[in-house]
Every structure is written in structure tokens, then in C-alpha cells.
Amino acid sequence: MVNIIQISDMHYGSEFSDEYFNNIIQYIKKNHPDAVVLSGDIVHKGRYGQYQNFIPYLEKLKEASPNFLVIPGNHDAKNNGLVFFEKFVGPRRSKLTLDNKNTIIVGVCSAKDDISQGEIGDEQLDWIGRQFLSCSLENRIIALHHHAIAVPYSGRKQATLVDAGELIELTQLFEIDLVIMGHKHIPHAYVIGPTTFLYCGTTTSNKVRADESPSFNHIILEKGDLEVQMVNSVNLLPSLLLERKEGRTRFVRPRRTRLEHLLKSDVWDD
Ligand SMILES: [Fe+2]
């Protein structure tokens, strides 16, 4: 069994909350996850000063969970900020192997300099494939920032990867258990074949959509079975987001979709 906490979209520098951040540190220390994954948008504007000021927060995260993987998001790449990501945070892509937990987490950079749109690119697709080709670890996870599949009610601006099809094909080919993403601050999930595509809310900012709360995902994965608790960053209360047992998935949607809002609306009556 592997126990992972996914945090995302910190947005240090804009609507960032120290209170939520301290809550998360407290939660990590109490729950002792095998790894913590931060799926991008660490800072809001990609500026030198924001990265520099975020270092003490990064240190606290690494202290709370020595197994820590972080990848950049589109906000980290604003103002050509990826150079500062590399200087202050780490490489744009990296992997975490937890041999005693039979787990590999491969993190890739889907962010591009100064544009919101995401792309994995052939070179990284090749690199991801090679990580899994030569790996016998059973629990297989990919982490990236942008969406592999569009999420309803998440805003419509360039959220999905240019080469989403290639990534999805790769997940089926290599029987990836889990793809974890951030970007539009909406907790959500899809399942295709062996793969669950899981989205995280914004963990430490108030940049929420509609009536969402800031949140993070607590993931437990064991031999293809999966449980995801969405944890509210304000009060640390968990609620079940997804449960997959023996190949059957129950997804508990925490909100109405756009379609449900439209179907309830009087405006469209004839
Ligand atoms: Fe974000």
C-alpha cells in the first residue's frame, strides 16, 4: 500500500494563505505519507522574488516529507520563470522511486515559457516511456500540471495539453495506475482502462471556482485499488472523492457540473 498526498496550485504571491499552508504541514506530519507531490503553480508570476520568498515554505514541505516531488505549472513559467524554478526548486522533470512501496512517480514539465497552454512534447513522452519500460515497480504514477482530459465547469482557457492524446495512449500502453494533475483548481476524476486521471484543487490559495474550497488529495493506492480523500485546506475535513475496488470506480462528485446547472435553470424553458 502506498500513501501519497497531492498538493497543487499554491500560487505564492497572489491570494496565498499562510494559514492553509500551516494546516497542510500539520496534516502531513500527522499522517506520515510515503510521498508528497506538488503538481505546479508554486508561485503566481514566476518572478525571482516570489521564488526566493517561497524557499522557506519549500524547506518546510521537504522537512515534513523527505520524499517530495515537485513539477512546474504555467504560472511558474510566467515571465520566463522556469529558469528560477531550476535555480530555487529543482529540475523541471524528475522521478521518485519508492522501492519498499513498489511505487514509481514520474513527474514531467507541461509548462512552456510565458504561455498558459501545456504540452508534454516528444522528448518527454520518450523519457516517460523509458522510465516505465525499464521498471518493474507495480504502482505507476505520472504527475503533471495541465489537464490530460477537459474538466467541466473549470473555465475554458487552454487547459488541456496540446498532445493529450499521446499522453493518454501512453497511460494505456504502460498500464499507468494514476495520472495526477492540477491547473484549473477543480478536484475531479476520470477513469480510462487501468488509469485514473485525478485532478487537485488549489491547496493554499483562495483562487477557487464557484463554491469550491481550497483542498488537496490524500491518495491510497494498493494493487490497482484506489481511495482518494479530498481534504479541505481550511478545516482539514476529508470527504471521499473516489473509490476504485476490483476494477469498479465510484466517483463522488463534490459539486454540480455546468450541465447540471443548465438542466436546473429556468432560463432555457420553452
Ligand atoms: Fe493554478
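Helices here are DSSP runs of H or I at least four residues long, numbered from the N terminus. By that reading, phenylalanine 88 lies in helix H3, and that residue is a friendly place to start a walk through this predicted model.

Let us look at phenylalanine 88 first. There are 18 other C-beta atoms within 10 Å of phenylalanine 88, so the residue is partly exposed; the label buried would need 20 or more. Leaving out residues up to four places away in sequence, phenylalanine 88 touches Tyr51, Gln52 and Ile55. Tyrosine 51 is 37 residues away along the chain, and yet the two C-alpha atoms are separated by 6.6 Å.

Those contacts lead straight to the pairing of two helices. Two packed helices are described by the angle between their axes and the distance between the axes. For H2 and H3, the angle is about 30 degrees and the axes are 10 Å apart. Angles under 35 degrees count as roughly parallel, and H2 and H3 are therefore roughly parallel to each other. Their crossing is right-handed. On the H2 side the contact involves Tyr48, Tyr51, Gln52, Ile55 and Leu58, which meet Phe84, Phe88 and Val89 in H3. Sorted by character, the residues of this contact are 7 nonpolar and 1 polar, with no charged residue.

What does H3 itself keep buried? In this helix, which spans residues 82–89, the buried residues are Leu82, Phe84, Phe85 and Val89. They cover an arc of only 150 degrees around the axis, which puts them on the same side of H3. They pack against helix H2 (48–64) and also against strand S3 (68–70). Once H3 is over, glycine 90 follows with a positive phi, near 155 degrees.

H2 has another helical partner, H1, which covers residues 18–31. The axes of H1 and H2 come within 9 Å and cross at roughly 15 degrees, and this pair is therefore roughly parallel as well. Here, though, the crossing is left-handed. H1 contributes Phe21, Ile25, Ile28 and Lys29 to the contact, while H2 contributes Tyr57, Lys60 and Ala64. In this contact, 5 residues are nonpolar, none is polar and 2 are charged.

The loops on either side of H1 each hold a backbone feature worth a look in a torsion plot. Before the helix, glutamate 15 sits in the loop between strand S1 (2–7) and H1. Its phi is near 55 degrees, a positive value in a residue other than glycine. Glutamate 15 has 14 C-beta neighbours inside 10 Å and so counts as partly exposed. After the helix, histidine 32 is found in the loop between H1 and strand S2 (35–38). Histidine 32 is not a glycine either, but its phi is positive, about 45 degrees. With 10 other C-beta atoms within 10 Å, histidine 32 is exposed.

Glutamate 15 also links this region to a residue far along the chain. Which residues does serine 205 contact, once its neighbours within four places in sequence are left aside? They are Asp9, Met10, His11, Ser14, Glu15, Phe16, Ser17 and Pro214. Serine 205 belongs to the loop between strand S9 (195–199) and strand S10 (215–222). Although this is a loop position, serine 205 counts as buried, with 23 C-beta neighbours inside 10 Å. Its C-alpha atom and that of tyrosine 12 are separated by 7.8 Å, with their positions 193 residues apart along the chain.

S9 turns up again around our last stop, helix H5, which runs over residues 164–173. In H5, Leu167, Ile168, Leu170 and Thr171 are buried. Looking down the axis, these buried residues fall within an arc of 155 degrees, so they line one face of the helix. On the other side, Gly165, Glu169, Gln172 and Leu173 are exposed. The elements that cover the buried residues include helix H4 (122–133), strand S7 (178–181), strand S8 (188–192) and S9. Just after H5, glutamate 175 adopts a positive phi of about 50 degrees.

Definitions and conventions
Residues are numbered from 1 along each chain as its sequence is written. This is a predicted model: local features need pLDDT of at least 70, side-chain atom pairs count only at pLDDT 80 or more; totals for chains, interfaces and linings use all residues. A residue is buried if 20 or more other C-beta atoms lie within 10 Å of its own, exposed if 12 or fewer, and partly exposed in between; C-beta atoms are placed from the backbone. Helices (H or I, at least four residues) and strands (E, at least two) are DSSP runs, numbered from the N terminus. The arc is that of the directions from the helix axis to the C-beta atoms. Two residues are in contact if their C-beta atoms, placed from the backbone, lie within 7 Å. Axes are lines fitted to C-alpha atoms, for helices over the stretch in contact, and angles run from 0 to 180 degrees between N-to-C directions. Angles under 35 degrees count as roughly parallel, over 145 as roughly antiparallel, 65 to 115 as roughly perpendicular and the rest as oblique. A crossing is left-handed if the near helix is turned anticlockwise from the far one by less than a right angle, and right-handed if clockwise. Ala, Val, Leu, Ile, Met, Phe, Trp, Tyr, Cys and Pro count as nonpolar, Asp, Glu, Lys and Arg as charged, and the others, Gly among them, as polar.
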